[in-house]
Amino acid sequence: MIRADDGELWQRARQGEAECFGVLFDRHGGAVRAFCARRTGSIDAADDLVSIVFLEAWRRRGEVELVDGNALPWLYGIARRTIQHRWRTAVRHRRALERLAPAPATPDHAEEVAGRLDDERHLARLRAALERLRPPDRDVLLLCVWQGLTYAEAAVALGVPVGTVRSRLSRARSRLNAETGSLNIVDPATCPVAAPTQRQEMP
């Protein structure tokens, strides 16, 4: 078992120790997957996105930006941009498919995946609530409340000043509370996708 902080692991990976990048994947892959699932509302999509995020991270391994020796905020930034690109691509594909004949019906296997569908439904409700927010505010809420990032770490992930993170988070919470009457819909304790341990007490 390799024991080192992210900075040392990145350096060693760049020097040819591929197993060090594997350690980084094991260390942060679950958190990145959880963020992608909440951002897209789909566990299946999150599974695909995690691989893409880490492939892009390897491609850009010379650009890594650490926060107190932690690469996770930088990985969240890659994940956010990957999701945005995927959404634009999906829109183009959907418009193309709409011009085609409908696909034939397929057998219903829902009973075999009931638990997974329940998780997907919860994520869909979460996504519906988050869609009420402006994209910049939504990303701050997910990173700070769900993923447990500090203001400084979220600032790195989003490429904005810390003060902007604070103001966006406050606006997001106020907007959700005003429109839904509760913040319970975005309570990490109710989500089927486990959240990382909070490392700060949010105001």
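1. A polar contact is a pair of N or O atoms within 3.5 Å; within protein, one of the two must be able to donate a hydrogen and the other to accept it. In this predicted model, the side chains of Arg-39 and Asp-139 are joined by such a contact, at 2.8 Å.

2. The surroundings of Arg-39 deserve a closer description. This residue belongs to helix H2, and it counts as buried because its relative accessibility is 10%, under the 20% limit. Apart from neighbours within four places in sequence, Arg-39 is in contact with Ile-83, Arg-127, Arg-138, Asp-139 and Leu-142.

3. Asp-139, the polar partner of Arg-39, is among the buried residues of helix H6. That helix is mostly covered, with 10 of its 12 residues buried. Besides Asp-139, the buried set includes Asp-137, Arg-138, Val-140, Leu-141, Leu-142, Leu-143 and Trp-146.

4. The length of H6 can be checked against its geometry. At 1.5 Å a residue, the 12 residues of H6 (residues 135–146) should span 16 Å, and the end C-alpha atoms are 16 Å apart, so the two values agree. Just after this helix, Gly-148 adopts a positive phi of about 75°.

5. Arg-138 also takes part in a salt bridge, its partner being Glu-131, with the closest N and O atoms 3.8 Å apart. The two residues differ in burial class: Arg-138 is buried, at a relative accessible area of 6%, whereas Glu-131 is partly exposed, at 43%.

6. Across the whole structure, the search finds 10 salt bridges. One of them is formed by the side chains of Arg-27 and Asp-6, at 2.6 Å from N to O. Arg-27 lies in helix H2 and Asp-6 in helix H1 (residues 6–14), so this pair ties together parts that are 21 residues apart in sequence. Asp-6 counts as buried at 3% relative accessibility, while Arg-27 is partly exposed at 35%.

7. A salt bridge within a single helix is found in H3, where Glu-56 and Arg-59 both lie, 3 residues apart, or about one turn of the helix. Their side chains meet at 2.5 Å, N to O. Glu-56 is partly exposed, with a relative accessible area of 22%; Arg-59 is exposed, with 59%.

8. Aromatic contacts form a further theme. The count comes to 6 aromatic pairs. Phe-21 and Phe-54 make an edge-to-face pair, with 6.2 Å between centres and 75° between planes. Phe-21 lies in helix H2 (residues 18–40) and Phe-54 in helix H3 (residues 43–59), so the pair ties together parts that are 33 residues apart in sequence. Phe-21 counts as buried at 14% relative accessibility, and Phe-54 is buried at 5%.

9. Phe-54 has another edge-to-face partner in Phe-25, at 4.7 Å centre to centre and 65° between the planes. Phe-25 lies in H2 and Phe-54 in H3, so this pair ties together parts that are 29 residues apart in sequence. Phe-25 is partly exposed, with a relative accessible area of 35%.

10. These rings belong to a wider arrangement: ring pairs link Trp-10, Phe-21, Phe-25, Phe-54, Trp-58 and Trp-74 into a cluster. Trp-58 also has a charged neighbour, Arg-61, which lies over the face of the ring at 3.9 Å from the ring centre.

Definitions and conventions:
Residues numbered from 1 in each chain as written. Predicted model: local features only at pLDDT ≥ 70, side-chain atom pairs only at ≥ 80, totals over all residues. Heavy atoms only, no water. Helix = DSSP H or I, 4+ residues; strand = E, 2+ residues; numbered from the N terminus. Expected span 1.5 Å × (residues − 1). Buried < 20%, exposed > 50% of the residue type's maximum accessible area, 1.4 Å probe, protein only. Phe/Tyr/Trp six-rings, centres within 6.5 Å; stacked < 30°, edge-to-face > 60°. Lys NZ or Arg CZ within 6 Å of the ring centre and 35° of its normal. Contact = heavy atoms within 4.5 Å. Salt bridge = Lys/Arg side-chain N within 4 Å of Asp/Glu carboxyl O.
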